[in-house]
Amino acid sequence: MNSHLALTFMDFVEVHRVIGYFLLFIGVMIEGEAILLIFSFLASQGYVSIDVVMLITFLGVVIGDNIWYEAGKAYGQKLYDGIGKHFISQQLFEKIRKNITEHNFKYIFFSKFIYGLNHFVIMVAGYEKEDPKKIMKLDMLGTIPWIFIVSTIGYSFGYALKTFK
């Protein structure tokens, strides 16, 4: 009876870990930094694997940014008029539109490190019909260091907290 109870508990833990990884995948498509910080913290506490967290984050961000790109391509100005204008000014929107063609690398790479700007820049690239392969290559180049930096912060915070207990 006790072995059955232990097996049921382990199944329960495993199911929740899989659900957690699924939530990570969906979460980084929508809101990357906070979700990655939380899961990196959880990894430092032993609840999830940091390697798996980083891999799932990479896949979720790249797939999510492809979706943001396509949304910008299909609905660009409508998206800005509907919700975008509440987050950035028309002046900044026009500046990004004007400069994204000439400065792909700068905009795509560095927008990863400016909270709240990345999805918008990716959508503008779609709206401007920039080459999707080029945009996604630049996106991946920015995603890799971004993952390492953000996950290191979350993991280090959790490790420090565990050390001071």
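Are H5 and H7 parallel or oblique to each other? Keep that in mind as you go round this predicted model; the tour comes to that pair after a look at the whole chain.

**The whole chain**

Start with everything in cartoon view. You should find 7 helices and 0 strands, so the pattern along the sequence reads simply α-α-α-α-α-α-α. Colour by burial next: the chain has 165 residues, and 38% of them count as buried. If you turn on contacts, take those with a separation of 6 or more; 76% of them join residues 24 or more positions apart.

**First stop: H5 against H7**

Select residues 104-111, which make up H5, and residues 132-164, which make up H7. Their axes lie 8 Å apart and the helices pack at an angle of about 40°. H5 and H7 are therefore oblique to each other, which settles the opening question. Look at the handedness as well: this crossing is right-handed.

Now show side chains at the contact. From H5, pick Asn104, Phe105, Ile108 and Phe109. Facing them from H7 are Lys134, Ile135, Leu138, Asp139, Leu141, Gly142 and Pro145. Sorted by character, the residues of this contact comprise 7 nonpolar, 2 polar and 2 charged.

Stay with Asn104, which lies in H5. At 3% relative accessibility, Asn104 is counted as buried. Setting aside residues up to four places away in sequence, Asn104 touches Phe109, Glu130, Lys134, Ile135 and Leu138. Draw a C-alpha to C-alpha distance from Asn104 to Ala125 too: it comes to 8.5 Å, for two residues 21 apart in sequence.

On the H7 side, centre on Asp139. Is Asp139 buried or exposed? With a relative accessible area of 0%, Asp139 is buried. Leaving out neighbours within four places in sequence, the residues in contact with Asp139 are Val61, Val62, Asp65, Ile108, Lys112, Asn118 and Ile122.

For a contrast, move along H7 to Lys137. Lys137 has 59% relative accessibility and counts as exposed. A C-alpha to C-alpha line from Lys137 to Phe105 spans 9.7 Å, while 32 residues separate the two in sequence.

**Second stop: H5 against H6**

Keep H5 on display and add H6, residues 118-127. Here the axes come within 8 Å and cross at roughly 150°, in a left-handed crossing. Which residues meet at this contact? Tyr107, Ile108 and Ser111 come from H5, and Asn118, Val121, Ile122 and Ala125 from H6. The residues of the contact are 5 nonpolar and 2 polar, with no charged ones. Ile108 deserves a label of its own, since it appears in the contact with H6 and also in the contact with H7.

**Third stop: inside H6**

Hide H5 and colour H6 by accessibility. How many residues of H6 are buried? The count is 9 of the 10, so H6 is largely enclosed by the rest of the structure. The buried ones are Asn118, His119, Phe120, Val121, Ile122, Met123, Val124, Ala125 and Gly126.

Zoom in on His119, one of the residues of H6. At 18% relative accessibility, His119 counts as buried, because the cut-off for that is under 20%. Beyond its neighbours within four places in sequence, His119 is in contact with Met29, Ile30, Asp65 and Trp68. Asp65 is also in contact with Asp139, from the first stop.

Then follow the chain out of H6 to Lys129, in the loop between H6 and H7. Phi of Lys129 is near 60°, a positive value in a residue other than glycine. Lys129 is exposed, with a relative accessible area of 54%.

**Last stop: the two sides of H4**

Finish with residues 90-99, which form H4. Select Phe93, Ile96 and Asn99, which are buried. They cover an arc of only 150° around the axis, which puts them on the same side of H4. Rotate to the other side of H4 and you will find Gln91 and Lys98, both exposed.

Notes: Residues are numbered from 1 along each chain as its sequence is written. This is a predicted model: local features need pLDDT of at least 70, side-chain atom pairs count only at pLDDT 80 or more; totals for chains, interfaces and linings use all residues. Side-chain values use heavy atoms; hydrogens and water are left out. Axes are lines fitted to C-alpha atoms, for helices over the stretch in contact, and angles run from 0 to 180 degrees between N-to-C directions. Helices (H or I, at least four residues) and strands (E, at least two) are DSSP runs, numbered from the N terminus. A crossing is left-handed if the near helix is turned anticlockwise from the far one by less than a right angle, and right-handed if clockwise. Contact means heavy atoms within 4.5 Å. Ala, Val, Leu, Ile, Met, Phe, Trp, Tyr, Cys and Pro count as nonpolar, Asp, Glu, Lys and Arg as charged, and the others, Gly among them, as polar. Angles under 35 degrees count as roughly parallel, over 145 as roughly antiparallel, 65 to 115 as roughly perpendicular and the rest as oblique. Buried means under 20% relative accessible area, exposed over 50%, partly exposed in between (1.4 Å probe, protein chains only). The arc is that of the directions from the helix axis to the C-beta atoms.
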